[in-house]
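Me: I would like to understand how the labels used for a protein model are justified, so I will ask about each label and hope for an answer that sets a value beside its cut-off.

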Amino acid sequence: MLTRRHIRVKVLQALYAYHNQENTTLDSQQKFLLNSMEKMYDLYLLMLDLFPAIKTQAENFMEASKNKHLPTADDIKPRRNFVDNKVLQMLESNSLLQKQTEKHKINSWQLDNEYPQILFRELRQNETYQNYLNLINPTFNQDRDFIIFLYKEVIAPNEKLYEYLEDKQITWTDDFPIVNTAIVKLFGELKPGTPDHKWVPNLYKNDDDKEFATLLLQKTVTEDEMLMDEIEGKTPNWDRERIAELDLLFIKMAITEFLYFPSVPVKVTINEYLEIAKEYSTPKSSLFINGLLDKMSKEYAADNKLNKTGRGLQ
């Protein structure tokens with residue numbers, strides 16, 4: 001689920017905290033980094049757990065409608081396509097997912113059920129929802145397409161939900177797009193008989209990714225003096241104070257990858273930090289970073305300082 005780019009963003013957050021918080025240590029920031037990455041998995045589980053919570057709201061609404069003083073025919077015999085949705089049934093019957101939800105203590109929608117209520121009220125007013133309820137014996141694909149619609153058009157864009165998540169865990173603001181993509185991809189690949197484990201992806205692609213995160217943080221912190229000397233030596237017309245703080249961190253992280261990560265190609269490192277800079281720094285940052293890193297990588301290569309192994313890594 002975690003991409004290398006997002007891991008770099010997580011390391012960036014930990015480095016920023018390290019340099020701006022009083023009485024912090026490398027050990028505490030390593031713990032923050034690992035916890036931040038684990039919390040992203042909590043967000044994934046929390047968003048999936050919204051679906052049964054919204055379904056419960058639908059069931060409560062149908063029950064309340066039946067008990068009205070003058071119920072209509074639709075109230076007495078409600079259209080059940082949503083509450084009987086085959087994808088929701090797969091989700092709720094998934095024992096592996098249930099175990100993960102319990103392990104990570106995901107129970108927010110039981111405590112803060114106003115948000116499933118808000119989402120269901122919005123859903124009820126949606127024309128697509130009404131059209132879906134009118135289907136006769138919807139197919140699995142129709143059920144799946146509706147769940148994708150529900151997530152993409154009702155859940156993910158909801159501002160009140162986003163504000164709630166932001167208050168709950170500040171790092172989730174950066175995780176939200178990644179988790180949304182993972183969930184939409186999951187639903188898009190679902191078929192009847194999809195095995196339970198497909199709903200429970202690994203947080204890390206492999207053990208190397210977790211090691212990459214911790215080592216990148218550690219090396220960028222412990223080699224900070226050397227990294228600053230390298231940067232100042234390559235930017236004679238720039239004082240340290242003139243380089244934006246985030247840009248400085250991008251450059252330090254990239255140099256660390258140049259020198260201490262043999263399996264990461266130079267071009268990949270440069271491209272990754274350029275893309276991150278476009279999102280997190282100033283409009284001119286990517287041009288400055290690109291020029292500096294390109295110059296430094298070529299000089300390192302000429303001086304045989306690039307410790308890269310394998311083809312195409314330089």
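Me: What makes the pair of Asp 209 and Arg 4 a salt bridge?

Reply: In this predicted model, the closest N and O atoms of Asp 209 and Arg 4 are 2.6 Å apart, and because a salt bridge asks for a side-chain nitrogen of Lys or Arg within 4 Å of a carboxyl oxygen of Asp or Glu, the pair counts as one. The two partners come from distant parts of the chain, with Asp 209 in helix 13 (residues 207–222) and Arg 4 in helix 1 (residues 4–20), 205 residues apart.

Me: Why is Asp 209 called buried, and why is Arg 4 called partly exposed?

Reply: Buried means under 20% relative accessible area, and partly exposed covers the range from there up to 50%. Asp 209 has 5% relative accessibility and therefore counts as buried, whereas Arg 4, at 27%, counts as partly exposed.

Me: How do you know that Arg 8 and Glu 257 form a salt bridge, and which parts of the chain does the pair tie together?

Reply: The closest N and O atoms of Arg 8 and Glu 257 are 2.8 Å apart, which can be set against the limit of 4 Å, so the pair is a salt bridge. Arg 8 lies in helix 1 and Glu 257 in helix 15 (residues 245–260), so the pair ties together parts that are 249 residues apart in sequence. Both Arg 8 and Glu 257 are buried, and for Arg 8 the relative accessibility is 1%. Arg 8 and Glu 257 also belong to a network of salt bridges that links them with Arg 5 and Glu 272.

Me: What does Arg 8 touch, apart from residues up to four places away in sequence?

Reply: Among the residues that Arg 8 touches are Phe 212, Leu 216, Met 253, Val 264 and Tyr 273, and both Glu 257 and Glu 272 are on the list as well.

Me: Why does the pair of Arg 144 and Asp 145 count as a salt bridge, and is each of the two buried or partly exposed?

Reply: The closest N and O atoms of Arg 144 and Asp 145 are 3.8 Å apart, and because the limit is 4 Å, the pair is included as a salt bridge. Arg 144 counts as buried at 15% relative accessibility, while Asp 145 counts as partly exposed at 44%. In total, the structure holds 14 salt bridges.

Me: What makes helix 10 roughly antiparallel to helix 12?

Reply: The axes of helix 10 (residues 140–155) and helix 12 (residues 172–189) come within 9 Å and cross at roughly 170 degrees. Because angles over 145 degrees count as roughly antiparallel, that is the name for the arrangement of helix 10 and helix 12. On the helix 10 side the contact includes Arg 144, Ile 147 and Tyr 151, and on the helix 12 side it includes Asn 180, Ile 183 and Phe 187. The residues of this contact divide into six nonpolar, two polar and two charged.

Me: How do you know that Phe 149 is buried, and which residues is Phe 149 in contact with beyond four places in sequence?

Reply: Phe 149, which is found in helix 10, has a relative accessible area of 16%, and because buried means under 20%, Phe 149 is buried. Leaving aside neighbours within four places in sequence, Phe 149 is in contact with Leu 123, Asn 126, Thr 128 and Val 154.

Conventions:
Residues are numbered from 1 along each chain as its sequence is written. This is a predicted model: local features need pLDDT of at least 70, side-chain atom pairs count only at pLDDT 80 or more; totals for chains, interfaces and linings use all residues. Side-chain values use heavy atoms; hydrogens and water are left out. Axes are lines fitted to C-alpha atoms, for helices over the stretch in contact, and angles run from 0 to 180 degrees between N-to-C directions. Helices (H or I, at least four residues) and strands (E, at least two) are DSSP runs, numbered from the N terminus. Angles under 35 degrees count as roughly parallel, over 145 as roughly antiparallel, 65 to 115 as roughly perpendicular and the rest as oblique. Contact means heavy atoms within 4.5 Å. Ala, Val, Leu, Ile, Met, Phe, Trp, Tyr, Cys and Pro count as nonpolar, Asp, Glu, Lys and Arg as charged, and the others, Gly among them, as polar. Buried means under 20% relative accessible area, exposed over 50%, partly exposed in between (1.4 Å probe, protein chains only).
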